[in-house]
Amino acid sequence: MREFDYRRAADVPGAVALLGAGPEARYLGGGTNLVDLMKSGVERPALLVDVRELPLDRIEETDGGGLRIGATVTNSDLAAHPEVRRRYPALAQAVLAGASGQLRNMATLGGNLLQRTRCAYFTDVTKPCNKRAPGSGCPAVAGEHRNHAILGASAHCVAVHPSDMGVALAAFDAVVHYETADGPGALPLAEFYLPVGDTPHRETALPPGALITGVTLPPAPVAAASRYRKVRERASYAFAIGSLAAALDVRDGAVHDVRLAFGAVASRPWRARTAERALLGGPATAEAFAAAADAELAAAEPLPGNGYKVTLIRNLVVAVLTELAEECRRNEEATR
Amino acid sequence: MTTTTTGTVPVTGAVGTAHTRVEGRDKVTGAARYAAEVPLAGLAHGWLVVSTIARGRIRALDPAPVRAMPGVLAVLHHGNAQPLESDYVGPMGPADPALQLFQHDRVPYAGWPVALVVAETSEQAREAAEALVVEYDEEPHDVAFAAGRPEAYVPAGNPRSPAEQGKGDLAAGLAASAVVVDEEYTTPEEHHHPMEPHTATAYWENGRLEVIDANQGSAYVAQELARLFALDPSAVRVRSEHVGGGFGSKGARAPQVAAAMAATVLHRPVRVVLTRRQMFSLTGYRSPTIQRVRLGADPDGRLRALDHEGLNQTSTVHEFVERSADVARAMYDAEAHHTVSRVLRLDVPTPTWMRAPGEAPGSFALECALDELAERCGLDPIAVRARNEPEVGPLSGLPYSSRRLLTCFEEGARRFGWADRDPRPGVRREGRWLLGTGTAAASFPTLAGPSTAAVTAEADGGYTVRITAADIGTGARTALALVAADALEVAPDRIRVRIGDSDFGQAMLAGGSAGTRSWAWAVTLAARALREQLALGGTIPPQGITVRSDTAEALAALPPRERHAFGAQFAEVAVDVATGEVRVRRMLGIFAAGRIVNPLTARSQLVGGMIWGLSMALHEEAVRDERWGGHVGADLAGYHVAANADVPLVEADWVDDPDEQDPVGIKGIGEVGIVGAAAAVANAVWHATGVRHRHLPIRPDRVLTAGAGDRG
Amino acid sequence: MPPSTAGAITLTINGEKHTLPVDNRTTLLDALRERLGLTGTKKGCDQGQCGACTVLLDGRRVVSCLQLAVAAEGREVTTIEGVADGDRLHPVQQAFLDLDGFQCGYCTPGQICSAIAAIEEHAAGWPSAVTTDVRPEAGVPPLTAEEIRERMSGNLCRCGAYVSIVQAVARAAGERPAGPVELPGAAAVAQAEGVA
């Protein structure tokens with residue numbers, strides 16, 4: 001790890017100003033990803049601007065039943081918050097499915113959105129990687145890619161975004177708020193992550209030097225009946241090989257509202273809008289769920305070693321939506 | 001010294017009763033100092049630089065820019081390192097080329113040490129090591145481990161245990177068999193990954209090289225260092241008080257050699273700690289295996305022919321053979337019996353002993369094949385094993401010292417509820433989970449190595465045991481206190497056990513499940529002699545009365561036997577074929593493994609072995625990228641070992657099985673717990689799903705791709 | 001301000017204030033082990049992938065290998081050396097000792113610090129990844145073996161002491177009767193965990 005300057009920011013404008021003043025500067029949140037990457041040489045900042053103690057650690061209710069979550073809220077506090085658990089249970093579940101108790105106590109919302117891929121070629125500086133060293137090539141395409149992307153990737157990069165939290169945020173139409181020297185801005189999560197294309201090193205649409213200040217979750221009654229399911233190669237403390245955030249509202253046997261997002265299949269949390277459109281207004285049956293999953297996954301371009309993810313995601317969609325539909329049916333019966 | 005080895009000692013009751021670890025309080029309070037934690041004035045930090053290519057030569061290595069970095073004290077490399085001896089046969093056999101640090105410009109595999117950077121702080125050493133530019137002339141490398149490669153050869157082995165052994169006519173036996181199983185099983189490259197990284201601190205004091213180390217046998221490491229550095233054996237002292245796990249990987253390795261070289265150059269203490277990533281190439285590993293098992297049997301399951309052929313890899317510089325086929329020689333007889341372990345030289349690091357070397361992967365193949373045989377014969381898996389229980393060693397013809405395998409199966413079946421098992425696969429469902437149970441047999445050789453011990457009657461009424469034992473988590477310290485207490489016929493709290501210091505003399509290392517047996521033997525001999533001497537009366541002088549023992553003669557006099565520990569493994573699994581997830585729901589192991597010295601720690605060790613088997617079955621796999629020859633994902637997020645959530649209630653228990661020819665009755669329990677455990681899990685996965693998984697680990701993608709088949 | 005790659009920090013460690021110079025690169029883990037001689041906190045992977053370096057930071061468990069020391073300025077650190085009450089072991093320590101919740105002992109300080117915090121997190125009503133219903137109305141799930149396993153999964157134990165670790169945490173949490181814990185038979189396990 002090379003030597004670096006360290007500054008603790010007192011307020012948001014101060015943080016933005018500090019970062020702008022130094023070349024090769026990075027914001028430091030919980031550090032669970034950045035410090036690791038600095039140790040492996042992937043990140044070599046000259047200046048760290050510590051934003052962890054900025055007053056961005058609140059979770060507030062917004063008008064109409066949404067939430068605003070500050071950027072320095074830790075994963076633990078987010079998952080433990082009663083309103084998160086009540087209004088967006090899949091978000092709490094997603095956060096709890098990630099990392100470990102220790103890491104969740106350190107990691108922050110802002111950092112989670114910006115965490116880098118766990119692709120083993122990206123984290124090994126002795127190997128080529130277009131994301132780390134643009135133009136050097138992508139060894140994963142013809143190499144070890146069991147846990148790489150099946151959707152939205154390119155020949156330049158097939159890495160997946162490792163976040164669990166982000167999958168639930170994508171399902172619930174989160175909007176990311178940020179601050180720059182020129183003032184505040186906002187990006188819907190759907191536009192936050194850039195397409196891979198031939199620039200996999202450009203990961204987000206944030207302006208240079210922008211500091212994420214928080215996320216708003218618009219009101220979503222359907223989210224109250226939501227679930228996150230994560231499949232991984234051990235039962236805990238491992239990144240997903242496929243995950244699903246799902247919310248479903250079934251009325252009289254028909255899909256009234258539905259949200260679906262996939263994890264560990266693309267360079268970003270993958271909102272399955274094609275599947276959602278296929279389901280809306282239709283029957284809440286296993287066949288319909290499978291057909292909707294197939295419609296979304298028709299765009300999948302698996303590599304030789306990760307075709308199982310297509311089956312996995314399809315099966316997850318059917319299994320989780322079937323469970324949620326059954327709960328909707330029971331709730332409908334109970335309220336009649 | 002008496003060489004009486006038969007009969008049991010008068011029991012005062014310490015051996016066989018549960019005792020918490022004597023160093024336990026130090027370990028739960030953080031007071032126990034491990035090797036990298038002993039404070040030393042003037043300590044400098046060494047950081048290894050390892051090769052990024054898999055084969056070739058170092059073309060250029062310019063230390064000057066790094067030498068100028070803040071805090072940097074030295075850069076050792078092939079251009080300036082002191083020469084080391086390489087032409088010797090050391091305590092572990094011919095000199096290991098991996099210990100020849102910085103002696104030449106050749107790179108035989110990825111992750112080979114090319115330099116050591118020493119600095120005042122670890123941060124400075126790390127940055128400087130990362131900054132060191134090494135240029136290579138790269139040569140084509142070959143790391144492709146595959147069946148059918150013509151370069152694979154049968155290694156020489158040793159006269160008492162050749163790598164290839166057989167009897168009878170295999171082809172005829174198979175041809176005459178009504179039922180034949182002929183399958184290939186594979187296990188991947190697996191790594192020990194003790195939680196404590198390998199580390200050593202070296203310094204010179206009063207003309208002696210002092211090494212504070214994390215190892216499994218300080219006497220062995222001291223002898224190796226003496227040979228390497230051409231020192232008188234008495235001029236090297238290696239201490240290793242607490243060791244954070246070893247599992248076969250903590251012998252003489254790069255850290256001891258590098259630290260000693262740097263301490264010699266700098267005239268101050270130098271500590272070298274490996275990173276987790278470096279451990280992948282510098283501390284050994286279990287070779288991947290490709291095994292073909294052919295079983296030919298009569299319809300009643302009786303074997304006519306048994307063929308077990310294993311292939312493993314080694315480096316181009318040193319031969320290590322994972323003897324995966326050996327397990328069949330102890331387990332099952334057949335008129336035609338053939339076992340061979342072949343080896344393929346590749347541009348990879350040399351593998352080494354890893355918990356139950358040979359038996360762990362070998363039992364996976366053999367015990368899965370037995371399960372397949374049972375299925376094809378329509379027999380219960382335990383019945384097939386009972387039908388093939390040999391009277392004497394299948395190849396040696398020697399009697400077993402004891403073989404209570406069937407007793408283990410009977411007891412295990414009773415406790416596991418095996419009798420109620422529906423043999424049909426794929427028919428039990430609970431929600432999204434398919435359920436199944438499986439079983440497998442376990443065995444591991446009972447070994448012992450010559451050891452010396454000293455037992456002192458102190459003037460204050462206490463006793464001190466000194467032996468170069470290692471406690472790598474086995475509870476050796478505690479076990480030896482109990483053994484000494486019984487031999488001296490005093491309470492265990494009067495015994496102080498000092499271990500992990502090469503100055504205490506030659507003793508077996510903590511390996512081969514033979515540590516406690518070897519050391520307890522030596523301690524018993526010395527303690528008994530001391531008790532006899534004390535019985536004569538008289539006062540104890542201030543320096544105490546010390547009696548020494550050496551077991552070499554007693555071990556040499558042991559009559560030839562088939563000596564093994566045995567066990568029966570049971571597992572229940574749940575499989576979601578829609579997601580590929582496999583969860584182990586419970587495991588039970590019943591072992592016949594000699595006299596159990598400390599039931600509390602013994603249970604922990606056996607259970608730990610079984611959890612290794614679970615981890616091997618479902619998780620562990622190191623992946624190489626053939627293009628570069630090194631690992632992909634060389635960390636604990638890329639190399640999964642079982643986490644807490646993967647592990648259900650795992651129970652281990654034992655049947656009475658004292659070894660009649662051991663003074664304490666010990667056989668050894670360090671390794672038998674893993675043997676057969678992965679097979680039991682794999683057999684349970686078949687029972688749950690109807691699909692045989694013959695390639696480890698049984699990952700979600702493999703289960704998902706295989707689905708819920710209908711073939712057996 | 002000119003760039004500065006080192007500085008002095010003040011930490012409260014186990015109730016005692018320490019001021020020490022640190023390189024900005026120094027992790028809290030290395031500060032404890034190499035600067036302060038508090039070697040009870042272990043370095044297993046140095047990458048947040050094993051949990052051996054777990055300490056309590058302002059009362060919450062964290063991995064100290066990914067915590068820069070300079071960023072911990074002014075905060076309270078509790079290490080394994082600070083969890084006992086004088087000579088009286090913390091109930092978690094005592095349970096690990098009595099039930100043999102370790103073998104080599106290297107992951108143990110991290111396990112114990114983690115367990116202390118995990119018990120408190122559960123008492124505070126935090127759900128976990130295996131909590132069936134995370135909605136606040138569902139209440140706090142009982143600290144079953146399954147809950148303990150999940151909550152303790154951030155601490156790898158290569159010796160495989162997990163079974164005793166779970167029993168030790170359960171005992172310390174008061175969810176099981178104190179005293180020697182017999183390993184229950186398979187039937188009892190099945191009943192306790194709702195399997196079979």
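Reader: What makes Arg21(B) and Asp100(C) a salt bridge?

Author: Glad you started there! A salt bridge needs a side-chain nitrogen of Lys or Arg within 4 Å of a carboxyl oxygen of Asp or Glu. The side chains of Arg21(B) and Asp100(C) meet at 2.7 Å, N to O, so the pair fits that rule. Do keep in mind that this is a predicted model, where local features need pLDDT of at least 70, side-chain atom pairs count only at pLDDT 80 or more, and totals for chains, interfaces and linings use all residues. Residues are numbered from 1 along each chain as its sequence is written, chains are lettered from A and ligands numbered from 1 in the order in which they are written, and side-chain values use heavy atoms, with hydrogens and water left out.

Reader: How many salt bridges are there between chain B and chain C?

Author: The count there is 7. Chain C and chain A have 4. One of these joins Arg86(A) to Glu137(C), with the closest N and O atoms 2.4 Å apart.

Reader: How many residues of chain B and of chain C take part in the contact?

Author: Chain B brings 64 residues and chain C brings 58, where contact means heavy atoms within 4.5 Å. About 4,900 Å² is buried between chain B and chain C, with carbon and sulfur atoms giving 55%; buried area is the accessible area (1.4 Å probe) that two parts lose on being put together, summed over both. In chain B, Val28(B), Met195(B) and Asn644(B) lose the most area to chain C, together 17% of what that side buries.

Reader: What is the area buried between chain C and chain A?

Author: That one is about 3,600 Å², and carbon and sulfur atoms give 53% of it. In chain C, the residues losing the most area to chain A are Arg25(C), Leu66(C) and Val134(C), together 18% of what that side buries.

Reader: Why is Cys159(C) not in a disulfide with Cys104(C)?

Author: A disulfide is a pair of cysteine sulfur atoms within 2.5 Å. The sulfur of Cys159(C) is 3.8 Å from that of Cys104(C), its closest cysteine sulfur, so the two are too far apart for a bond. Over all chains the count is 0 disulfides. Cys408(B) is in none either, with the nearest cysteine sulfur, that of Cys368(B), 19 Å away.

Reader: Why is Cys408(B) called buried?

Author: Buried means under 20% relative accessible area, exposed over 50%, and partly exposed in between (1.4 Å probe, protein chains only). Cys408(B) has 0%, so the word applies. Cys159(C), at 4%, is therefore buried as well.
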